[in-house]
Every structure is written in C-alpha cells, then in structure tokens.
Amino acid sequence: MSYQQQNRMKNKKGYRFLAAIYRKALSLRYKVQLDGVEILKDPATLLILPNHQATVDPQILYSQLYRYTAAALLVSSLYTEIGIIKPLFTYIGAISVPDLERGRKGAEQAAQLYRIVLDALGEGK
C-alpha cells in the first residue's frame, strides 16, 4: 500500500465507522460473502469491478472492501454532481468519471476513463 493510501486510510477513520453502519444496513437486504480476502491485503494495485451495473452493487462492494484496503471509488458524474451527496463523495475520495449514458460515445469515453484512472493511480488513490 502506498504512503498516500495509508495516509488516506488513517484520515478516514470516521468513514470506517460510517461504512460499518452502511454495511450493516445493506446486510438487512443483501447477503454478502467475500472470498479471496487475502488478495486484498496484497500491496499490488488492483482493479475491482462489480459484476453488473445495478446502482447498489458498487455500494455493497465498496462498503465491504473498505475493511481491507484503501479502495478508490469511481463514481458517475451523474451522482457526484448531486449537491446533497457531493460532500460525502469528496470525503471518501471518490473519483468522478463521465456518465457513460451522456455525452460522447465509444472509444473517446473509454480513453477519457482510462486517463482518469491513470491520473488517480498516479496520485496514490
């Protein structure tokens, strides 16, 4: 884990508490089982993706991952632009990415997402 990631985790102890509460709330509706947790403890950079596009999948995944690693969450600008939750996304260090349903299509969007991810990795997120 990079210095930036370790520092980010230390500064987010309040979020760890919020994530635990949110994880508990999600567990009332969804049964979650994590397999391969040892991979999350590896210092290598990982790209972790939910298995489909449902809005709740990334929430479940991130609330679980935060126990093990300083994961950076990629969030559609459709959500990061909502005023009431924007401070939460800023607090947890979420990375805003273009909404794939709006604007440009295809390869141009993929190239933009690729640049955003590379920049975030370069910043230690």
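Which helix supplies the largest share of the nonpolar patch? In this predicted model, the largest share comes from α2, which contributes three residues to the patch. The patch itself is formed at the surface by Phe17, Leu18, Ile21, Leu88 and Tyr91, and an area of about 480 Å² is computed for it. Two helices, α2 (residues 13-27) and α6 (residues 86-91), each provide at least two residues of this nonpolar patch. Leu88, one of the residues that make the patch, is located in helix α6, and with a relative accessible area of 40% Leu88 is classed as partly exposed. Because the range between 20% and 50% relative accessible area is the one that counts as partly exposed, the value of 40% places Leu88 in that class.

The patch belongs to a chain whose secondary structure amounts to seven helices and two strands. When the chain is followed along its sequence, these elements appear in the pattern α-α-α-α-β-α-α-β-α. The chain has 125 residues, of which 30% are buried.

A second feature of the model is a pocket, the second largest, which holds about 310 Å³ of space. The lining of this pocket is made up of 18 residues, and those closest to its centre are Val32, Leu34, Asp57, Ile60 and Leu61. With regard to secondary structure, helices α3 (residues 37-40) and α4 (residues 56-65) each give at least two residues to the lining of the second largest pocket, and the largest share, five residues, is that of α4. In terms of residue character, the lining of the second largest pocket comprises eleven nonpolar residues, together with four polar and three charged ones.

A further position considered here is Tyr79, which is found in helix α5, a helix that spans residues 77-80. The relative accessibility of Tyr79 is 32%, and Tyr79 is therefore counted as partly exposed. Although Tyr79 and Ser96 are separated by 17 residues in the sequence, the distance between their C-alpha atoms in space is 8.6 Å.

Taken by element, helix α2 contributes three residues to the nonpolar patch, helix α4 contributes five residues to the lining of the second largest pocket, and helix α5 contains Tyr79.

How values were computed:
Residues numbered from 1 in each chain as written. Predicted model: local features only at pLDDT ≥ 70, side-chain atom pairs only at ≥ 80, totals over all residues. Heavy atoms only, no water. 1 Å grid on protein atoms, 1.4 Å probe; cavity = no way out; pocket = protein on both sides within 12 Å on 5 of 7 lines; lining within 4 Å. Points joined across faces, edges and corners; volume = space filled by probe spheres on them. Helix = DSSP H or I, 4+ residues; strand = E, 2+ residues; numbered from the N terminus. Nonpolar A, V, L, I, M, F, W, Y, C, P; charged D, E, K, R; others polar. Patch = residues over 30% accessible without salt bridge, like charges linked within 9 Å, V, L, I, M, F, W, Y side chains within 5 Å. Areas by Shrake-Rupley, 256 points an atom, 1.4 Å probe, with all protein chains shown as cover. Salt bridge = Lys/Arg side-chain N within 4 Å of Asp/Glu carboxyl O. Buried < 20%, exposed > 50% of the residue type's maximum accessible area, 1.4 Å probe, protein only.
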